[in-house]
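Please take a moment to look over the sequence and turn the model around before reading on. We will then walk through the fold together, beginning with the whole chain and ending with a single residue.

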Amino acid sequence: MLVLVGLFFGAFLAATVLPFSSEVMLASAVRAGEIPVWLLVTVAAVGNILGAVVNWVLGRFLLRFRERRWFPFSPDQLEKASDRFRRFGVWSLLLSWVPIIGDPLTFAAGVLNVRFALFLVLVAIGKTARYVAVGLAF
């Protein structure tokens, strides 16, 4: 049980801007062989997806303050990000699992007001596929 809780929180933290490697945790748990792989993959995926949801919510929340001096992005930067996101589309959220670009991508989706249901489906597909691949590899 402790392994599952640790894996959940590790995967959750890995989806935020904090640097963390949940794949190593998952691989170690799979190799230990004490818990079914499907359960480990499910717990890691749910934790990581929920972490991405936090990023999306932060993006949505932060946008409300875009007129303030302390807001970290200029209107021009927001427009450029919107253009790029439109060019590559919401399908880029399938890459939310990719280190370094995935977390900002989920934050940008919130800032750019991507529909939550669509966000959730695409992020869940990408992140779950990654954990399935890690689970099968070990």
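Residues 24 or more positions apart account for 73% of the contacts in the chain with a separation of 6 or more, where a contact means heavy atoms within 4.5 Å. Keep in mind that this is a predicted model, in which local features need pLDDT of at least 70 and side-chain atom pairs count only at pLDDT 80 or more, while totals for chains, interfaces and linings use all residues. Residues are numbered from 1 along each chain as its sequence is written, and side-chain values use heavy atoms, leaving out hydrogens and water.

What is the chain built from? It has six helices and zero strands; both are DSSP runs numbered from the N terminus, with helices being H or I of at least four residues and strands E of at least two. The C-alpha atoms fill a box of roughly 50 × 30 × 25 Å along the principal axes. Of the 138 residues, 40% count as buried, and here buried means under 20% relative accessible area, exposed over 50% and partly exposed in between, using a 1.4 Å probe and protein chains only.

How confident is the prediction? The mean pLDDT of the chain is 89, on a scale of the predictor's confidence in each residue from 0 to 100. Helix H4 (residues 75-88) has the lowest mean among the elements, 74, and H6 has the highest, 97. Where pLDDT is low, the predicted coordinates should not be read in detail.

Now find helix H6, residues 116-137. Its 22 residues reach 31 Å from the first C-alpha to the last, close to the 32 Å expected at 1.5 Å a residue; that expected span is 1.5 Å times one less than the number of residues. Among its buried residues are Phe119, Leu122, Val123, Gly126 and Arg130. An α-helix has 3.6 residues a turn, so residues three or four places apart point the same way. The buried residues of H6 pack against helices H1 (2-14), H2 (22-32), H3 (37-63) and H5 (102-111).

One of those partners, H5, is mostly covered, with seven of its ten residues buried. They include Leu105, Thr106 and Val111. After H5 comes Asn113, whose phi is positive, near 60 degrees.

Let us finish with one residue of H6, Ala117. Is Ala117 buried or exposed? Ala117 is exposed, because its relative accessible area is 52%. Its C-alpha atom is separated by 24 Å from that of Ala133, 16 residues apart along the chain.
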